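Could you walk me through this structure in plain words? I'd like to know where the two chains touch and what holds the parts of each chain together.

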Amino acid sequence: MSNLSLLVTRPNHDRPTNYLCHWSQLVIDLAKQKNFSVYDLKGKKANKKTFSSYVKKNNPQIIFFNGHGDVDKITGINDEVLIEVDKNDHLLKGRIIYARSCRSAQILGVNCVKKKKAVAFIGYKNDFILFNDEEKITKPLSDRIASYFLEPSNLVITTIIKGNSPEEAYDRSQKESIRKIKFLLSPKAPAEEKSLITYMWRNMRAQVIIN
Amino acid sequence: MKKNNHTPTDKQQLKEDMKQLAIARLKSIPSQYQISVGGGGGLTRKEAVENIENDSEIGKELIDIEIEFLRDMAKGELYKYE
């Protein structure tokens with residue numbers, strides 16, 4: 001069995017989680033190309049019982065969380081809590097975590113690295129913001145507006161999958177955000193898209209690595 | 001001139017100015033864009049503006065986001081990423 005393994009949680013019960021679910025497919029496809037064992041907790045499978053069972057049984061090196069969250073927790077399908085500080089965050093020991101969820105870097109991220117010995121936690125200390133184009137809602141992967149937020153974000157996890165360190169992954173994601181912001185500041189960018197800069201800046205500044 | 005009870009203080013005026021600034025900047029976004037911030041299923045542009053007008057938690061956060069950006073740009077934070 002390959003020792004490269006990735007577990008992905010991707011609920012899809014509302015518009016933002018549905019977008020994250022679709023965009024995570026790109027990550028999953030890459031991981032499979034790179035011969036990772038991929039444990040895909042999509043939709044209803046993104047519940048606490050299944051999550052805990054998969055982590056314990058399969059011992060994934062990397063966990064990629066998608067979903068809502070708060071300072072001390074990350075949630076799954078229908079906002080069921082998957083992982084929470086001092087309740088079950090010991091499950092993160094020895095792993096690399098990327099949490100695409102709101103605020104969880106504030107307490108959960110710090111706790112799981114400093115106390116529970118996760119290798120690294122990349123996440124957000126504020127709410128993760130996402131814009132989408134209403135006209136593309138049935139085709140999230142074609143949504144150019146969403147791509148401004150989700151391409152830099154996906155780069156965290158795809159960089160790790162390609163064999164780079166969490167630090168390099170964080171760095172590349174930050175640089176991609178800046179590149180897109182600078183593009184939007186340029187005369188080449190569509191005028192109506194320039195308004196996204198404020199929110200992209202916020203996501204970039206809220207993104208942290210704890211290691 | 002004596003201030004009466006209905007005169008907004010400087011702090012209240014600043015708060016109101018920030019609110020109006022955030023609303024104006026949000027209104028520059030195309031109406032077909034939808035925003036997801038925090039929990040919940042996401043907002044239309046109209047709902048986002050209503051949240052600011054109603055002083056909801058999301059509304060306050062939207063104001064913070066705008067003000068943080070303007071402050072950071074004024075401080076030249078973008079140029080630190082050359």
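Here is a tour that begins where the chains meet and then moves inside each one.

Keep in mind that you are looking at a predicted model. Let's start with the meeting place of the chains. Chain A brings 33 residues to the contact, and chain B brings 30. Putting the two together buries about 2,800 Å², and carbon and sulfur atoms give 52% of that area. On the chain B side, the residues that lose the most area to chain A are Tyr33(B), Gln34(B) and Tyr81(B), together 26% of what that side buries.

What holds hands across this boundary? There are four salt bridges between chain B and chain A. One of these pairs Arg205(A) with Glu77(B), whose closest N and O atoms are 3.4 Å apart. You can also find 11 residue pairs in polar contact between the two chains, counting pairs with both residues at pLDDT 80 or more.

Which elements of chain B give two or more residues to the side that touches chain A? They are helix 1 (10-27), strand 1 (33-36) and helix 3 (57-74). Helix 3 of chain B has the largest share, with nine residues. Sorted by class, that side of chain B has 13 nonpolar, nine polar and eight charged residues.

Now zoom in on strand 1 of chain B, because there is a nice detail here: with strand 9 (residues 130-133) of chain A, this strand pairs in the antiparallel sense over four bridges. Look for Tyr33(B) again: its bridge partner is Asp133(A).

Next, salt bridges in general. Over all chains, the whole structure has 22 of them. A good place to look in chain A is Lys116(A), which forms a salt bridge with Asp86(A), with the closest N and O atoms 2.9 Å apart. This pair links distant parts of the chain: Lys116(A) is in the loop between helix 3 (105-114) and strand 8 (120-124) of chain A, while Asp86(A), 30 residues apart from it, is in the loop between strand 6 (81-84) and strand 7 (96-100) of chain A. Lys116(A) also forms a salt bridge with Asp89(A), at 2.8 Å between the closest N and O atoms. Asp89(A) lies in the loop between strand 6 and strand 7 of chain A, so this pair ties together parts that are 27 residues apart in sequence. Is Asp89(A) buried or exposed? With a relative accessible area of 0%, Asp89(A) is buried.

Chain A also has a network of salt bridges, which links Glu151(A), Glu176(A), Arg179(A) and Lys180(A).

Chain B has a long-range link of its own. Arg25(B) and Glu66(B) meet through their side chains in a salt bridge, 2.4 Å from N to O. Arg25(B) belongs to helix 1 of chain B and Glu66(B) to helix 3 of chain B, 41 residues apart. Arg25(B) is partly exposed, with a relative accessible area of 27%, whereas Glu66(B) is buried at 2%.

Finally, go to strand 3 (residues 62-66) of chain A, where five of its five residues are buried. Ile62(A), Phe64(A) and Asn66(A) sit on one side, Ile63(A) and Phe65(A) on the other, and both faces are covered. Strand 3 of chain A runs parallel to strand 1 (residues 5-10) of chain A, joined by four bridges, and also parallel to strand 7 of chain A, joined by five bridges. You can follow both pairings from Ile62(A): Leu6(A) stands opposite Ile62(A), and in strand 7 of chain A the bridge partner of Ile62(A) is Ile96(A).

How values were computed: Residues are numbered from 1 along each chain as its sequence is written. Chains are lettered from A and ligands numbered from 1 in the order in which they are written. This is a predicted model: local features need pLDDT of at least 70, side-chain atom pairs count only at pLDDT 80 or more; totals for chains, interfaces and linings use all residues. Side-chain values use heavy atoms; hydrogens and water are left out. Contact means heavy atoms within 4.5 Å. Buried area is the accessible area (1.4 Å probe) that two parts lose on being put together, summed over both. A polar contact is a pair of N or O atoms within 3.5 Å; within protein, one must be able to donate a hydrogen and the other to accept it, and residues adjacent in sequence count only if both atoms are side-chain atoms. Ala, Val, Leu, Ile, Met, Phe, Trp, Tyr, Cys and Pro count as nonpolar, Asp, Glu, Lys and Arg as charged, and the others, Gly among them, as polar. Two strands pair if DSSP finds at least two bridges between them. Buried means under 20% relative accessible area, exposed over 50%, partly exposed in between (1.4 Å probe, protein chains only).
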